[in-house]
Every structure is written in structure tokens, then in C-alpha cells.
Amino acid sequence: MDIELTGDEHLRALAALEAVVGNNDDALTVLAGGAGERPLPALLAAYGQHTLHRILIAAFGIDATMDYDETGRLVAEINKDPMARLVFVLTDALRNQAALVGDDPATAKLVGRSILLAIHAFTDADNQDALTLLRALRNEALRAG
């Protein structure tokens, strides 16, 4: 199940992932958030789920212009694909684990690394490619916001 993220949450998650790529613990501490904000590990897990599901949808060629039958056929392919199933299990496990840890920046870093590894496994993006992808996603979030 995909959850809604605000524009600010998208930007905060992207900044945290960039901090993980850059091994910037100080930035992760600053991004940990405050009162009323979702704890960073939980935010990263939710953002990872959202992003990896989008990657799956794109990888299987699903878009908004398709009719119901074509979309249903491609969703059935996703549900049968072992890699897609692993993405669903990974993102669910990360969300469940992140919900238990609160606002620990070290755990946020571990969750972020798992998300980046999953993006790498699915797209072959190295850290530089991941930064390029993260910047594109940030620009998309800024345009939508």
C-alpha cells in the first residue's frame, strides 16, 4: 500500500538520501526533524516504498494513458515477477522496522542505504547515477509543489 507524502516530505527524504550517498551524518542529524514531523527512518522507508513502486510501474511500462484491461494485464505481470515481489517485501519490511525505531539518524542511514541498494539492484544506478535520479526527483517534487 502506497502512502501519501507531502511535497516537504519528498524534499526532506531526497535530502536525506543525498546525505546517505555523501556519508554526511551531520546532515542526517539536522534532517531528523522535529515535533510534528514524521521520524526520518519512517519517512525514508515510506519514500523508498513510493519510489521503488514508481520504478516498478515504469519498468513494466504502465502509464496513465492505458486502458483498464492493459493496465490489469501489466499489473498481473508485476505481481508474478520475482524481483517485483522482493521489492514489495523489502519496502514493507523497511516500513515495519522503521516504525519501531523512532528518530535515530543511524537507523535512517541504514534505511537510506537499503533504499539506494534496491534502486541500484533494479536500475543498475551507481551512486553518481543515484544522485542524478534524486536530483531529477527533487526537481519533479518542486514543480509539483
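This report describes helix packing, the nonpolar core and several individual residues in a predicted model.

## The nonpolar core

The largest nonpolar core of the model contains 37 residues, and those with the most contacts inside it are L17, L40, L44, Y47, L52, I115 and L116. At least two residues of this core are supplied by each of α1, α2 (25-31), α3 (40-59), α4 (68-80), α5, α6 and α7 (127-144). The largest share, nine residues, comes from α3.

I115 can be followed from this core into its surroundings: when residues up to four places away in sequence are not counted, I115 touches L17, L44, G48, L52 and L94.

## Helix α1 and the loop after it

Helix α1 covers residues 7-21. For its 15 residues, a rise of 1.5 Å a residue gives an expected span of 21 Å, and because the end C-alpha atoms are 21 Å apart, the expected and modelled values agree. The buried residues of α1 are E9, H10, R12, A13, L14, A16, L17, A19, V20 and V21, and the buried residues of this helix pack against α2, α3, α6 and α7.

Just after α1 comes N23, which is placed in the loop between α1 and α2. Most residues other than glycine have a negative phi. The phi of N23, by contrast, is near 50°, a positive value in a residue other than glycine. N23 counts as partly exposed because its relative accessibility is 49%, the range for that class ending at 50%.

## Helix α6 and its buried residues

Helix α6 comprises residues 105-123. Its 19 residues should span 27 Å at 1.5 Å a residue, and the end C-alpha atoms lie 26 Å apart, which agrees with that expectation. Buried in α6 are T107, A108, K109, V111, G112, I115, L116, A118 and I119, and the buried residues of α6 pack against α1, α2, α3, α5 and α7. The helix is followed by D124, whose phi is positive and near 65°.

## Two packings that involve α6

Two packed helices are described by the angle between their axes and the distance between the axes. For α5 (residues 82-101) and α6, the axes come within 11 Å and cross at roughly 175°, and the two helices are therefore roughly antiparallel to each other. On the α5 side the contact involves M83, V87, L90, L94 and V101, which meet T107, V111, S114, I115, A118, A121 and F122 in α6. By class, this contact of α5 with α6 has ten nonpolar and two polar residues, and no charged residues.

The axes of α1 and α6 come within 9 Å and cross at roughly 90°, so that α1 is roughly perpendicular to α6. Here L17, V20 and V21 of α1 make the contact with K109, G112, R113, I115 and L116 of α6. The residues of this contact of α1 with α6 divide into five nonpolar, one polar and two charged. I115 appears on the α6 side of the contact with α1 and also on the α6 side of the contact with α5.

## Buried residues of α3 and α5

T91 is placed in helix α5 and is buried, with a relative accessible area of 1%. Leaving aside its neighbours within four places in sequence, T91 is in contact with G48, Q49, L52 and H53. Of these contacts, H53 is found in helix α3 and counts as buried, because its relative accessibility is 15% and the cut-off for burial is 20%. With residues up to four places away in sequence not counted, H53 touches V87, F88 and T91. The C-alpha atoms of H53 and A84 are separated by 8.7 Å, although these residues are 31 residues apart along the chain.

T51 also lies in helix α3 and is buried, its relative accessible area being 6%. Apart from neighbours within four places in sequence, T51 is in contact with I119 and L137. The C-alpha atoms of T51 and T91 are separated by 10.0 Å, the two residues being 40 residues apart along the chain.

Note on methods:
Residues are numbered from 1 along each chain as its sequence is written. This is a predicted model: local features need pLDDT of at least 70, side-chain atom pairs count only at pLDDT 80 or more; totals for chains, interfaces and linings use all residues. Side-chain values use heavy atoms; hydrogens and water are left out. Axes are lines fitted to C-alpha atoms, for helices over the stretch in contact, and angles run from 0 to 180 degrees between N-to-C directions. Helices (H or I, at least four residues) and strands (E, at least two) are DSSP runs, numbered from the N terminus. Angles under 35 degrees count as roughly parallel, over 145 as roughly antiparallel, 65 to 115 as roughly perpendicular and the rest as oblique. Contact means heavy atoms within 4.5 Å. Ala, Val, Leu, Ile, Met, Phe, Trp, Tyr, Cys and Pro count as nonpolar, Asp, Glu, Lys and Arg as charged, and the others, Gly among them, as polar. A nonpolar core is a set of buried Ala, Val, Leu, Ile, Met, Phe, Trp, Tyr and Cys residues joined through side-chain atoms within 4.5 Å. Buried means under 20% relative accessible area, exposed over 50%, partly exposed in between (1.4 Å probe, protein chains only). The expected span of a helix is 1.5 Å times one less than its number of residues.
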